[in-house]
Structures are given as structure tokens and as C-alpha cells.
Amino acid sequence: MPTPHISAESNEIAPLVIMPGDPRRAERIANQLLPDAHCVSQVRGNGIWTGSHQGTAMSVVPSGMGIPSLSIYAHELFAEYGVQRICRVGTAGGISTNVAIRDVVVGAAAHTDSRIAQLLVPDVSCSLSADPVMLCAAAQKARELTGNEAPKVHIGALYSSDFFYLDRPDITTALERIGTLAVEMEAAGLYAAALQAGRQALSVCTVSDHLRDQQALPMNPSQRETGYATALSVAISALVA
Ligand code: HPA
């Protein structure tokens with residue numbers, strides 16, 4: 001049954017979902033990975049694509065930016081379309097100096113300044129963490145991908161902030177001290193939605209900029225493609241595990 005934000009019929013969305021933020025990237029991922037992809041929803045211009053990847057049905061659903069937007073799609077996919085696993089593939093800003101632009105960060109957990117963690121269980125700040133089966137599969141794939149040319153794949157905590165523009169270096173310094181690798185704006189919302197629905201989720205982010213190194217060169221177009229390719233192959237391994 002269509003929902004307020006998704007017009008696809010119940011059987012038009014696969015149990016495994018790849019979730020980028022940007023709708024145009026979703027279309028590119030669908031064209032690249034799902035040879036038989038077709039568009040199943042266009043509500044608000046947020047195109048959703050379904051097809052098969054090496055014989056396994058998958059959908060690509062853009063989340064939009066931030067926890068509120070992602071939470072709407074994740075909830076409707078889990079609750080109304082019976083989706084089992086969502087893997088976010090996004091970008092993040094490096095926090096740790098161990099992380100470089102074009103590296104990939106797999107979010108084992110997500111710290112957040114959003115109230116989402118407090119809303120799950122009264123009086124408890126719940127740990128927002130990735131699904132362990134998807135995380136182990138991602139770690140295994142990351143080991144296979146290690147090579148001179150390949151971007152490094154890190155596994156650790158992300159910081160999901162409600163603010164892209166927040167001039168608070170004290171927060172990122174404190175987060176770095178507790179081992180946080182990178183900042184983005186969605187993983188905590190995805191993990192909360194999966195925990196609430198009893199389903200599975202993971203976030204795999206390509207580092208596109210660095211908070212500690214403003215001089216670092218942004219990724220050029222070819223680095224973007226290889227960086228995203230690494231993140232996508234890690235994401236696919238986690239989805240099919
Ligand atoms: N902040 C938040 N989200 C992001 C960033 C950032 O610096 N880079 C990519 N996504």
C-alpha cells in the first residue's frame with residue numbers, strides 16, 4: 001500500500017535497500033548495479049528504483065538529508081513495505097586524523113546530538129548501533145579490498161549531527177578524543193529506526209571533506225567514483241550476507 005511519501009505498490013520494493021542521500025546518486029547507483037532497474041515511486045521527485053543485482057532483488061531509496069528525512073523513509077520501508085535490511089551509502093566529514101579524504105568509514109555505532117536516542121526508551125540514552133551480521137560482512141569485505149590503490153576502510157563510530165553548519169570545534173575535539181571517526185547527518189536515525197522495527201541496518205560513508213584539515217583537497221571526479229565504488233561493494237556485501 002502506498003504511504004504518504006512512497007507511491008510504490010507493496011511488492012515493488014525489495015527486502016534489501018541501498019540508501020544514498022541524494023536522489024540523483026540513487027538513479028546512478030540503480031543504473032550501475034541493477035541492470036533491470038525501474039522507477040517505482042516519484043513522490044516529491046525522490047525517485048525509488050527496484051531491480052536485481054546478480055540475481056538478488058534490491059531497491060535504491062534516497063533518504064534526503066538529515067535524520068528527520070531519513071527517518072520518514074526508513075520507517076515507511078520497515079513498517080509498510082516489509083524491508084529487512086537498509087544500508088546507507090553516504091558521505092561524511094573526517095574527524096579523526098587517522099581518516100583521510102576518500103577513505104571509507106563503516107559506522108559500527110552512531111553518536112548524535114539529535115533527540116532520537118532519548119525517544120526510544122524513557123530516561124535511557126540508547127546505544128545506536130549497526131546490525132552485527134551486516135557489520136561483520138562489511139568488515140570481511142573490507143579486508144578483501146585492502147590493497148595499495150584501494151581507499152582504506154575504517155570501522156568505528158560516526159557522529160550524526162543535526163547541524164551541517166555549527167561552529168563548535170569543542171564538540172568535534174571531544175568526540176575525536178573518544179575515538180569518533182567522522183561526522184554525517186543520518187546514521188543515528190537509521191539505526192534507531194531499525195532498532196525500533198526489529199530490522200537490520202548499516203551505514204557506509206565515503207569521506208568527502210575533513211574537519212581537521214581544511215586545506216585537504218576535495219575528491220576529484222575519478223577519486224569520487226572509486227571511493228563510492230568501494231563503499232558500494234562493502235554495502236552490497238553487508239546487504240546480501
Ligand atoms: N558535516 C556533516 N555532514 C557531512 C559532512 C560534514 O562535514 N561532510 C559530509 N557530510
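In which handedness of crossing does α1 pass α7? The tour begins with this pair of helices.

The model is predicted, and local features need pLDDT of at least 70, side-chain atom pairs count only at pLDDT 80 or more, while totals for chains, interfaces and linings use all residues. Residues are numbered from 1 along each chain as its sequence is written, and side-chain values use heavy atoms, with hydrogens and water left out.

**First stop: α1 and α7**

Select residues 23–33, which form helix α1, and residues 221–240, which form helix α7. Helices (H or I, at least four residues) and strands (E, at least two) are DSSP runs, numbered from the N terminus. The axes of α1 and α7 lie 13 Å apart, and the two helices pack at an angle of about 70 degrees. That makes α1 roughly perpendicular to α7. Axes are lines fitted to C-alpha atoms, for helices over the stretch in contact, and angles run from 0 to 180 degrees between N-to-C directions. Angles under 35 degrees count as roughly parallel, over 145 as roughly antiparallel, 65 to 115 as roughly perpendicular and the rest as oblique.

The crossing in which α1 passes α7 is right-handed (the near helix is turned clockwise from the far one by less than a right angle; anticlockwise would be left-handed). Now show the side chains: Arg25, Ile29, Gln32 and Leu33 of α1 meet Tyr228, Leu232 and Ile236 of α7, where contact means heavy atoms within 4.5 Å. Of the residues in this contact of α1 with α7, five are nonpolar, one is polar and one is charged. Here Ala, Val, Leu, Ile, Met, Phe, Trp, Tyr, Cys and Pro count as nonpolar, Asp, Glu, Lys and Arg as charged, and the others, Gly among them, as polar.

**Second stop: the largest cavity**

Keep α1 and α7 in view, and select Arg25, Arg28, Ile29, Gln32, Glu225, Tyr228, Ala229 and Leu232, which line the largest cavity. On a 1 Å grid over the protein atoms alone, a cavity is a set of points where a 1.4 Å probe fits but cannot get out, and a pocket is an open set with protein on both sides within 12 Å along at least five of seven lines; lining residues have an atom within 4 Å of a point. The volume of the largest cavity is about 70 Å³ (the space filled by probe spheres set on the grid points, which are joined across faces, edges and corners). Its lining has four nonpolar, one polar and three charged residues.

**Third stop: the largest pocket**

The largest pocket has a volume of about 940 Å³. Select Gly93, Phe164, Val183, Met185 and Asp209, the closest to its centre of the 42 lining residues. Then colour β5 (85–94), which gives the most to the lining of this pocket, with six residues. The lining divides into 20 nonpolar, 11 polar and 11 charged residues.

**Fourth stop: α4 and α7**

Return to α7 and add helix α4 (residues 132–145); their axes come within 8 Å and cross at roughly 135 degrees. The helices α4 and α7 are therefore oblique to each other. This crossing is right-handed.

**Final stop: α2 and α6**

Select helix α2 (residues 67–81) and helix α6 (residues 187–197), which pack at an angle of about 25 degrees with their axes 9 Å apart. That makes α2 roughly parallel to α6. Among the residues that meet here are Leu70 and Phe78 in α2, and Leu190 and Ala193 in α6. The contact of α2 with α6 has nine nonpolar, two polar and no charged residues.
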